[in-house]
Structure formats: C-alpha cells, structure tokens
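Let's walk through this fold together, one sheet and one helix pair at a time. Have the model open beside you as you read.

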Amino acid sequence: MGRITADGLSWSVKGHRLLDGIDMAAHDGQIVGLLGPNGSGKSTLLRLLAGLRRPDTGTVRYDDTDLRHLSRRVLARRLAVVEQDVSAHNHVSVRQVVELGRTPFRGRFDALSEHDQRIVDAALERADITEKQHRAWHTLSGGEKQRTQLARALAQEPREILLDEPTNHLDIRHQLELLDLLGSLDVTCVIALHDLNLAARYCDHVVILDHGQVVAAGAPETVLIPELIESVYGVNTLVDREPSTGSLRITYLAVTTSEKTITKSMSPVAP
C-alpha cells in the first residue's frame, strides 16, 4: 500500500484560479472520497495527483517522495488512473485494453508472459468483464467500458488508484460491486464521487471541495452534516442512519430558498 499527500496545491488557467491551496492526504489502504458540485475542482485535483498536470504551487508526494522525482515508468508501476472518458481504444478488444495494464512491467517489444496473462485473467474476472473480453472496445456500453478500465487498472497491481466518477454509467449492482471491490483491495484509493450516500457508506475519509478550495475534510459522519451540505450543494437534507446497514444516510428534502430564487429567475416569463 502507499500514501498520497498534497500540500498547498494551486492551479490556474489563463489567470483564473481553479484550485487554491489544497491540502489533503490519503493514508495506506484508505478510500478517500473527493466530493463537491460540478466545477468544484475534483477532476483537476485528480489530474494533479496523477502528475498529468503540474501545479502552480504546492507538492504531491507518494510516500515520502516528491512526485516530480518519480519517472513515468516508476510511477506507472505503483499508480493506476481510471478516468471518466477514454476514447483512444476504438480498434482494440477488451482484453487488449486490460493488457495495457502490464505495459510498465515489460520491455518495449516484449510479449506478455504467462505471469502477465494470469494477472490479466484475474483482473477481468474481478471486474466482472471476462465474458466480454473478445468484444471490440467501441461496441461496449458506458458501464462495460468503465469496468474494462477498472480491470486495466487492476492489471497494473497498483499501490494507489485514482478514480474519476467511476460509478458513472454503472447500474446499481455494478456500482456496489465496484466499491465493494475497491474496499477489498490492499490499495489506497482517491475517488471522485457525486453520490453522497455511496461516499458515506464506502469512504474512510472525505474531502469536500467548493470553488476550488477544501471546505471540510474528515470521516463521513463528521463532515456530511446538513449545514455543510446546504452550504455547498444548496439543498436541505435529513441525515440519519440506514436501519439495515447502519450506514450514514442522506435524504434530500428540497433546494434552499436561494436556489429556488435563482431557478425562478431563470424561468421563462409568461406572456
């Protein structure tokens, strides 16, 4: 397992600050949920953590090593990234996509070994996509593509996984199976989520982003409280415990008065 730490991360586009002074940590084996409205900075933060963008200020560390001191190959041997939309695999099969997870462990022209093939087989099975392995990527549904990307990440045998809205396009069964699977791995996960109830049930720690800043962080039961949810999301909620599982449960009651006023002001005026 591994640890990811961000200190003072900021990032701007054309002078517009999208992330400002982000501090966060994902400790060994934790599932850390990144929460917040659309445009709050979740995807941008994940890209900074993955080294896909360089911050204006601040540092990212994997264990005690600055991300800037890790080569791409070394990083790829410990970190897997599951993004929302991937369109570069149109002319390959599901299995070939998953086999890409073994690339950091092979020479440039080396064929997959028997060991590699066994790891790919196990990844396909764990992501429940084995029956689709010979299908062309472009014929898959959104949910099947998402599970294929997860299998590719598992084939890397990572110590850390970054996931951007991995439950998008998945039906309820596969949402629960995916998050159950992540919880069963000896891997540190940072996962951007929209569903507060899934975050409450599966995350050890949550980080709430709003307008590019961290407004709260901690265990779900200490962070996901009605006052904070109203402030960040603009909705009134009831927060209690689900009787069967004991998990924190968020019930959405209504948008706040200010949100209603905004919505009303945007509505067409009757002639």
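Contact here means heavy atoms within 4.5 Å. Helices (H or I, at least four residues) and strands (E, at least two) are DSSP runs, numbered from the N terminus. This is a predicted model, in which local features need pLDDT of at least 70 and side-chain atom pairs count only at pLDDT 80 or more, while totals for chains, interfaces and linings use all residues. Residues are numbered from 1 along each chain as its sequence is written, and side-chain values use heavy atoms, with hydrogens and water left out.

Let's begin with the sheets. Strands of a sheet pair through backbone hydrogen bonds, either parallel or antiparallel. Two strands are taken as paired if DSSP finds at least two bridges between them. One open sheet has four strands in the order β2-β1-β4-β5, with antiparallel pairing. Its edge strands are β2 (16–26) and β5 (65–66), each pairing on one side only. Between β4 (residues 57–62) and β5 there are two bridges, and Tyr 62 has Thr 65 of β5 as its bridge partner. Helix α1 (residues 42–49) lies across β1 (4–13), β2 and β4, running at about 120° to β1; such angles run from 0 to 180 degrees between N-to-C directions, and axes are lines fitted to C-alpha atoms, for helices over the stretch in contact.

The other open sheet has six strands, ordered β6-β7-β8-β3-β9-β10, and its pairing is mixed. β6 (79–82) and β10 (213–218) each have a single partner strand, so one side of each is left without a neighbour in the sheet. β6 pairs with β7 (residues 160–164) in the parallel sense over four bridges, and Val 81 stands opposite Leu 162 in β7. Helix α5 packs on this sheet, touching β6 and β7, and its direction makes about 175° with that of β6. Helix α9 (residues 226–233) also packs on the sheet, where it touches β3 (31–35), β9 (205–210) and β10.

Now stay with α5 (residues 142–155), which packs against α4 (residues 114–126) at an angle of about 140°, the axes lying 8 Å apart. The two are therefore oblique to each other (under 35 degrees counts as roughly parallel, over 145 as roughly antiparallel, 65 to 115 as roughly perpendicular and the rest as oblique). With α6 (residues 172–184), the axis of α5 comes within 12 Å and crosses at roughly 10°, so α5 and α6 are roughly parallel to each other. Here Arg 147, Leu 150 and Leu 154 of α5 meet His 174, Leu 178, Leu 181 and Leu 182 of α6.
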